[in-house]
Amino acid sequence: MSTATQEYTRVAVVTGASRGIGKGIALRLAADGLDVVVADLADQKDSLSAVAEEIRGLGRKALTVSCDVSKEDEVQAMVDATVSELGRLDVMVANAGIGVGGSVMDADIEAWEKCWAVNIKGVLFCYKHAARQMVKQGDGGRIIGASSICGQKGYAGIGAYCISKAAVRSLTQTTALELREHNITVNAYAPGVIDTAISASTVSGLTSFYKFLVANPLDEEHGAGYHIKQLLKIPEGVRTGQPSDVANVVSFLVSSKSHFVTGQTLCVDDGVHFT
Ligand code: NAP
């Protein structure tokens, strides 16, 4: 990101932005004054359009793009559409990710590879094509990926996901070193338990292994966050976060104040992991 007087509005791309953490980040960046491209799978078109309307309501430009991040040509097309419609690309938030449960002994390789295709390859493609565009522009930039507390250490019954989020941490370090000379910082956020649909889908994925939910069915009172904490043995007293808790950290990483922070994976987890 250029430190000289900036004469353009910065443009951010957020993947997986139709709901949850991605939506929270997209709205926060719009409130911070950026124009925002919101991307998600084609079947999320309606909710994505609603997020774009909210961004316009904040006085910023918005563009919706259908993009499966596990397909490199679609990620390239998303970056191309960003530049042709909004003029440039300054911030990439590679947020899209999926949760997969299951033990090592019962590993279903197809499910594990699907998780890695979205969570590892998807982030790699976003980093790669955003970096190429930012280097071409010559004004620096911000690249940010979605890791997790599950990338900080292994958790039983959720190995495929832990591997994918540890890979994001490693990829973030490598990319940060490679892009330092271009004034592009590369960081990741590592949420703890945040109340979103992914928490619920991960809980469902884990039931086949733990049979946990048979004894502790999901209920309105506790929500998915409560059950995830039981399954992952998160210490009592740790709170469940909201998408805005992650968006606040991303807002800082995108700002000029974070220029001396790169290659880091920041835990946003109410103190589950200390790094
Ligand atoms: P979410 O509510 O499930 O939202 C994720 C969005 O990404 C969904 O709209 C989903 O669409 C989309 N998506 C799935 N596969 C995609 C693909 N191949 N290409 C593009 N978009 C795709 O998830 P979230 O809880 O907000 O999580 C956001 C990120 O934070 C993820 O990377 C997640 O791993 C990470 N994270 C979340 C938590 C948590 O507790 N929630 C904790 C740690 C890390 P569909 O619904 O159609 O699949």
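**Exercise 1. Is Asp270 buried, partly exposed or exposed, and what is its relative accessibility?**

Solution.
- Start with the basis: this is a predicted model, where local features need pLDDT of at least 70, side-chain atom pairs count only at pLDDT 80 or more, and totals for chains, interfaces and linings use all residues. Residues are numbered from 1 along each chain as its sequence is written, and side-chain values use heavy atoms, with hydrogens and water left out.
- Next, the cut-offs: buried means under 20% relative accessible area, exposed means over 50%, and partly exposed lies in between (1.4 Å probe, protein chains only).
- Asp270 has 35% relative accessibility, so it counts as partly exposed.
- Asp270 sits in the segment after S7. Helices (H or I, at least four residues) and strands (E, at least two) are DSSP runs, numbered from the N terminus.
- The phi of Asp270 is near 60 degrees, a positive value in a residue other than glycine. Most residues other than glycine have a negative phi.

**Exercise 2. Set Asn183 beside that result. Where does Asn183 lie, and what is its phi?**

Solution.
- Asn183 is in the loop between helix H5 (159-179) and S6.
- Its phi is positive, about 60 degrees, although Asn183 is not a glycine.
- Asn183 counts as partly exposed because its relative accessibility is 39%.

**Exercise 3. Work out the sheet. In what order do the seven strands run?**

Solution.
- The order is S3-S2-S1-S4-S5-S6-S7, in an open sheet with parallel pairing. Two strands pair if DSSP finds at least two bridges between them.
- The edge strands are S3 (62-66) and S7 (265-268), and each pairs on one side only.
- From one strand to the next, the twist averages 20 degrees. Axes are lines fitted to C-alpha atoms, for helices over the stretch in contact, and angles run from 0 to 180 degrees between N-to-C directions.
- Strands of a sheet pair through backbone hydrogen bonds, either parallel or antiparallel.

**Exercise 4. Go through the pairs. How many bridges join S1 and S4?**

Solution.
- S1 and S4 pair in the parallel sense over three bridges. Val14 stands opposite Val93 in S4.
- On to S2 (residues 35-40): S2 and S3 pair over five bridges, in the parallel sense. The partner of Val37 in S3 is Leu63.
- Strand S1 (residues 11-15) also pairs with S2 in the parallel sense, over five bridges. Here Ala12 stands opposite Val36.
- S4 and S5 pair in the parallel sense over four bridges. Val91 has Arg142 as its bridge partner in S5.

**Exercise 5. Find what covers the strands. Which residues of S2 are buried on each side?**

Solution.
- On one side of S2 are Asp35, Val37 and Ala39; on the other are Val36, Val38 and Asp40; all are buried.
- That agrees with the count for S2: six of its six residues are buried.
- Helix H2 (residues 45-57) lies across S2 and S3, at about 165 degrees to S3.
- Helix H9 (residues 243-254) packs on the sheet and touches S4 (91-94), S5 (141-146), S6 (184-191) and S7. The direction of H9 makes about 155 degrees with that of S5.
- In S4, Val91 and Val93 point one way, Met92 and Ala94 the other way, and all are buried.

**Exercise 6. Turn to the ligand. How many residues surround the ligand, and which are the closest?**

Solution.
- 30 residues surround the ligand, each with a heavy atom within 4 Å of it.
- The closest are Gln44, Asn95, Tyr161, Thr196 and Ile198.
- Now the polar contacts (pairs of N or O atoms within 3.5 Å; within protein, one must be able to donate a hydrogen and the other to accept it, and residues adjacent in sequence count only if both atoms are side-chain atoms).
- A polar side-chain atom of Arg19 lies 2.8 Å from a ligand oxygen atom.
- A backbone N or O atom of Ile194 lies 2.9 Å from a ligand oxygen atom. For Gly97, a backbone N or O atom lies 3.5 Å from a ligand oxygen atom.
- Taken alone the ligand exposes 900 Å², and the protein buries 92% of that. Accessible areas come from the Shrake-Rupley method with a 1.4 Å probe; for residues, only the protein chains shown count as cover.

**Exercise 7. Compare two loop residues. Is Asn95 buried or exposed?**

Solution.
- Asn95 lies in the loop between S4 and helix H4 (109-137).
- Its relative accessible area is 10%, so Asn95 is buried.
- Leaving aside neighbours within four places in sequence, Asn95 is in contact (heavy atoms within 4.5 Å) with residues including Val14, Ile21, Ala146 and Tyr189.
- Met105 lies in the loop between S4 and H4. Met105 is exposed, because its relative accessible area is 83%.
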